[in-house]
Amino acid sequence: MKVVRASERTTRNAPASNFSGTVFSDEVVTGVAPSKLRASVVSFTPGARTFWHTHPVGQTLYCLSGVGRVQKEGEKVQALHPGDTVLIPPGVKHWHGAAPDRLFSHLAMSENGPNGEGTNWLEAVSEEDYRAAP
Ligand code: MN
């Protein structure tokens, strides 16, 4: 086994190609085959969120701090609080992020698909969709 010290890794900026606003990512694990596990702590500043996207094997979000938002396409926006867990099935179009006026962080867990495929990124979430009341 191995203990990876926090001091050995640096916080990364999430790319503007897939996220709106300022978002930081701290890697927890990128599994080595046969593991397909991927986990990271993602921290969103107020108003920041992902683009719309899908995951080949789904995704689990465990909410750590602050107040967040999540939406499945065609359904209402939902508020998220620490201790909440979001189970996102494979192929379901959705986004997640911070509330407009609050910081938010979650542990994001997913697996790559059978052929190694990762997240399928789509278009940005519009202000109208983002600002809808949960
Ligand atoms: Mn997701």
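**A manganese site and an open sheet**

H55 counts as buried, because its relative accessibility is 4% and the limit for a buried residue is under 20%. This value, like the others in this passage, was computed from a predicted model. H55 makes a good starting point, since it is one of the residues that hold the manganese ion. The full set of donors consists of H53 (NE2), H55 (NE2), Q59 (OE1), H94 (NE2) and H96 (NE2), and their distances to the manganese ion run from 2.1 to 2.2 Å. Along the chain, these donors are spaced as H-x1-H-x3-Q-x34-H-x1-H. H55 sits in the loop between strand 6 (53–54) and strand 7 (59–66), while H94 belongs to strand 11 (residues 94–98), so this pair ties together parts of the chain that are 39 residues apart in sequence. H94 is buried as well, because its relative accessibility is 1%.

The view can now widen to the whole chain. Its secondary structure comprises 1 helix and 13 strands. Followed along the sequence, the pattern is β-β-β-β-β-β-β-β-β-β-β-β-β-α, with the helix after the strands. Of the 134 residues, 37% are buried. A compact globule with 134 residues would have a radius of gyration near 14 Å, and the value of 15 Å for the protein chain agrees with this. Along the principal axes, the C-alpha atoms fill a box of roughly 45 × 35 × 30 Å. The accessible surface amounts to about 7,600 Å², and carbon and sulfur atoms contribute 53% of this area. Among contacts with a separation of 6 or more, 70% link residues that are 24 or more positions apart.

How are the strands arranged? An open sheet is formed by 6 strands in the order 1-3-4-12-7-10, and their pairing is antiparallel. Strand 1 (12–13) and strand 10 (85–88) stand at the edges with a single partner strand each, so one side of each has no neighbour in the sheet. In general, strands of a sheet pair through backbone hydrogen bonds, either parallel or antiparallel.

Strand 10 can be followed residue by residue. Strands 7 and 10 run antiparallel and are joined by 4 bridges. Y62 has T85 of strand 10 as its bridge partner, and Q59 stands opposite I88 in strand 10. Q59 is also a donor to the manganese ion, through OE1. Which residues of strand 10 lie on its covered face, and which on its uncovered one? V86 and I88 make up the covered face, whereas T85 and L87 make up the uncovered one. As a general rule, the side chains of a regular strand alternate between the two faces of the sheet.

Two further residues touch donors of the metal site. S110 is located in strand 12 (residues 104–111). S110 is buried, because its relative accessible area is 16% and the limit is under 20%. Leaving aside residues up to four places away in sequence, S110 touches K36, L37, R38, G58 and Q59. T50 lies in strand 5 (residues 49–50). T50 likewise counts as buried, because its relative accessibility is 2%. With residues up to four places away in sequence again left out, T50 touches N18, F19, F44, W95, H96, W121 and V125. Q59, in the contact list of S110, and H96, in that of T50, both coordinate the manganese ion.

Technical notes. Residues are numbered from 1 along each chain as its sequence is written. This is a predicted model: local features need pLDDT of at least 70, side-chain atom pairs count only at pLDDT 80 or more; totals for chains, interfaces and linings use all residues. Side-chain values use heavy atoms; hydrogens and water are left out. Donors are N, O and S atoms within 2.8 Å of the metal (3.2 Å for Na, K and Ca); water is not among the atoms, so sites may look incomplete. Helices (H or I, at least four residues) and strands (E, at least two) are DSSP runs, numbered from the N terminus. Buried means under 20% relative accessible area, exposed over 50%, partly exposed in between (1.4 Å probe, protein chains only). Two strands pair if DSSP finds at least two bridges between them. The radius of gyration is taken over C-alpha atoms; the globule rule is 2.2 Å times the number of residues to the power 0.38. Contact means heavy atoms within 4.5 Å. Accessible areas come from the Shrake-Rupley method with a 1.4 Å probe; for residues, only the protein chains shown count as cover.
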